[in-house]
Amino acid sequence: MAMHGYNEEDDVIGKAYDSRLVGRLMGYLRPYGWRVVLAIALLLGSTGLLLVQPLLVRQAIDRDVANGTTGDLWWISILYLGSLGLLFVFRYTQAIQMVQVSQRVMNDLRLQLFRHLQRMSIAFYDANPVGRLVTRLTNDIAALDQLLTQGAITIIADVFMIVGVAIALFLINWKLALITLVVMPVLAILMRWFAVVMRNAFRRQRLHVARMNAFAAEHISGILLIQLFGRQKRDLAEFDDHSSRLQAANMSVVHQYALFEPVVAMVSAITTGVVIVVGGRLVLGETLTIGSLVAFLQLVAMYYNPVREIADRFNILQSAMAALERIFTLLDEPEGVQDSEGALELPDRIRGEVTFEGVSFAYSEGTWVLRDVSFTIAPGERVAFVGATGAGKTSLINLLLRFYDIQQGRILLDGVDIAAARQHQVRRHIGLVLQDPFIFTGTIEENIRLRDESVSIEQVRKAARLVGADRFIQQLPDGYQHKLVERGANLSTGQKQLLAFARSVAFDPEVMLVLDEATANIDSETEALIQDSLERLTARRTSIIIAHRLATVRGCDRIIVLNRGEIVEQGTHEELLALRGRYFRLWL
Ligand code: TTP
Ligand code: MG
C-alpha cells in the first residue's frame, strides 16, 4: 500500500506547480465553471480599471494642469471616481465568487474523502494513525482554500497586471518603454534567485513544524507514561530542541524577506530614476508630454507589486501542491472489502447457523494465520474458542465480520456465503461485544441505538434491562438522556462495558460474538455482574466466545481449541480435560 511507511516530512519536498495535480483539481472546479470564468473576467476587468487610472491622470495633466486651465478636469474626475467605484464592485463580486467556488470544492472534497475513509479496510487503519487522516480532512483541505482564493487567482491577476502595464507603457511611448523594460532580465534573475532561496527556507520551516507537531502529539497522548516514568524534564528538553529549530527556520524566512524587499526597492528606484532622466529629456525635447511621464511613473510603480509578492505566491502554491498530492494519494488508496455486483439479500430473520468450510487466511502473503479451519455452529449453540496468544482467535472474528476477505474456503451464515451477501446485512445479524467498549459523545440512548431510528426506545430499554445496565442508568441525573463525554470518561469501566453490551443486543442479532479478554482492571463484584450479563446476552443465541477466563469457557456447549491457526481439539470442558491434551495444558 502506498501510504505504508509514508512520512509526514515528505510534504517538505514540494514543487510549486504540478500539471498532473492541477489537472485533477480542475475536475473539481468544473461543476462551478461559470463562476470561475466570471471571477477571471472580473479580474481582467479590475486590471483594466487599474490601468485606466494613470491614463486619466495623464489626460488631466496634459489637458488642464499643464495649461493652467480646469475645463476638462470635472469629467476626468468623474471618470476617475467611476473607475474606482467599478473597481470596488468588480473586486467584491470576484472575491465572493471565488470564495463560493473554493468553499464548494472543499466541501465536495471533504465529503469524498470522508466517504472514502469510511470504506477503507481495517488493515488500512492499522497502518495509518488517525491523526494523520484527520489532517487530510482539515489542514490539507485548508491549503487548497488558500490556493483557490489567494494563490491561483492572484497569480492570474499578477500576470494580467504585468502584461497590461507593458502594453500601456508601449502605448504611451515605445522608446521609453523599451528603456524601462531593460531592467526586466535583471529582475527575472533576481526573482528566480529569490524563489529558490525562499523555497528552501519554507521547506525548512514546514519540516520543523511537522517534526514539532509529531513530537507534541505523541508525547501528549502518551502523557500517562511520561508522568509515570518522570520523563517530563527530558521531554521538555527535546521539545525545546524542536521548538528552537522551528524558531531558527522562521527567522531564516524573515531574514530572506528582509534582504529581498530592499533589493527590489532599489531596482525599482533605479528604474524610476532612469524613467525620470530619460523621460525628462524627452519632455524637454517636447516628444513626450508631462502627463505621459507622470502616468509612466505610476505604471512602473504598479509593475513592482507583483514582483514583491512572488515569494508568498510560491509558498501558497507549494503547500497546496503538497496538500493535493496527499489528498489524491489517499483517495487513490484501494478501498476495503466491498459488496460485489448483485450481492445476495439475507432475510430479515435468520436461524443463526455459522459454518467455516476449509478456511485459510493470511493478512500478508505467505504467513498463514488460519489453516484449513472447518466447523459448524448450530443455531443457539454457545461455542468458545481458546488457544495461546497468536493462535488466531481474533482473526477468526475479523473474518466472520468480513473485515478481511479470505484466500481459501467459505464462511457461511445460514448456508449463504458471506462473501456473496450484502456486507451490512451480514453485520446486522452479528452482534459484537468488544473488550474495549467505545463510547461516543452523546446521550446514553444514542450510544445504545447508535442513532438508528429503526431501534425504538422500548428496544433500547429492553436491551439495557437484559444486560443489567438499566439499574445504573436509572440512577443517572437524566437517565437515558444523560450526556456522555468523549470516550465515556464519566462512566466507570464496568458501566461502559454494560452499555456496550446493551448496544450489541439492541439490534437483536441472531449471532453474538464476544471478545471477553481484558477485564483485569475490574473488581470481582463488577466481574460477577458482567459475567451474569454475558450469560444473558448469549442465551438462546448462536454465540462465539473468545475467552481468556476458564469461568467463561466452562459453561459453553462446546469448546474449540486453536493452535497456530489450526483446530486441534474440540468438545465440552469435561471431554477436553479428559483428553489431557492442549486444553488441559492451557488451564494447568
Ligand atoms: P490473532 O488472531 O490476533 O491471535 P489471538 O487473538 O489468538 O491472540 P491473543 O490471544 O493474543 O488475542 O493473531 C494471529 C496472528 O495474526 C498473529 O501472528 C498476528 C497476526 N495478525 C495480524 O497480522 N494482523 C491483525 O490485524 C491481527 C488481529 C493479527
Ligand atoms: Mg486476540
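Author: Quick definition before we start: rings of Phe, Tyr and Trp (its six-membered ring) pair if their centres lie within 6.5 Å. The model here is predicted.

Reader: Which residues do ring pairs link into a cluster?

Author: The structure holds 14 aromatic pairs. Some of those ring pairs join up into a cluster, and its members are Trp193, Phe194, Tyr257 and Phe260.

Reader: What kind of aromatic pair do phenylalanine 194 and tyrosine 257 form?

Author: Their ring centres sit 6.2 Å apart, with 75° between the planes. Planes over 60 degrees apart count as edge-to-face. So this pair is edge-to-face.

Reader: How many residues apart in sequence are the parts that this pair ties together?

Author: Phenylalanine 194 belongs to helix α7 (residues 184-221), while tyrosine 257 belongs to helix α9 (residues 232-284). The pair therefore ties together parts whose separation in sequence is 63 residues.

Reader: Is tyrosine 257 buried or exposed?

Author: The cut-off for buried is under 20% relative accessible area. Phenylalanine 194, at 0%, counts as buried. Tyrosine 257 has 18% relative accessibility, so it counts as buried.

Reader: Switching to helices: are α15 and α18 parallel or oblique to each other?

Author: The axes of α15 (residues 457-467) and α18 (residues 524-538) come within 8 Å and cross at roughly 125°. Arg465, Leu466 and Val467 of α15 make the contact with Ser533, Arg536 and Leu537 of α18. Given that crossing angle, the two helices are therefore oblique.

Reader: And which ring does arginine 24 lie over?

Author: Arginine 24 is 4.2 Å from the ring centre. The face beneath arginine 24 is that of phenylalanine 328.

Methods
Residues numbered from 1 in each chain as written. Chains lettered and ligands numbered in written order. Predicted model: local features only at pLDDT ≥ 70, side-chain atom pairs only at ≥ 80, totals over all residues. Heavy atoms only, no water. Axes fitted to C-alpha atoms, helices over the stretch in contact; angles between N-to-C directions. Helix = DSSP H or I, 4+ residues; strand = E, 2+ residues; numbered from the N terminus. Parallel < 35°, antiparallel > 145°, perpendicular 65-115°, else oblique. Contact = heavy atoms within 4.5 Å. Phe/Tyr/Trp six-rings, centres within 6.5 Å; stacked < 30°, edge-to-face > 60°. Buried < 20%, exposed > 50% of the residue type's maximum accessible area, 1.4 Å probe, protein only. Lys NZ or Arg CZ within 6 Å of the ring centre and 35° of its normal.
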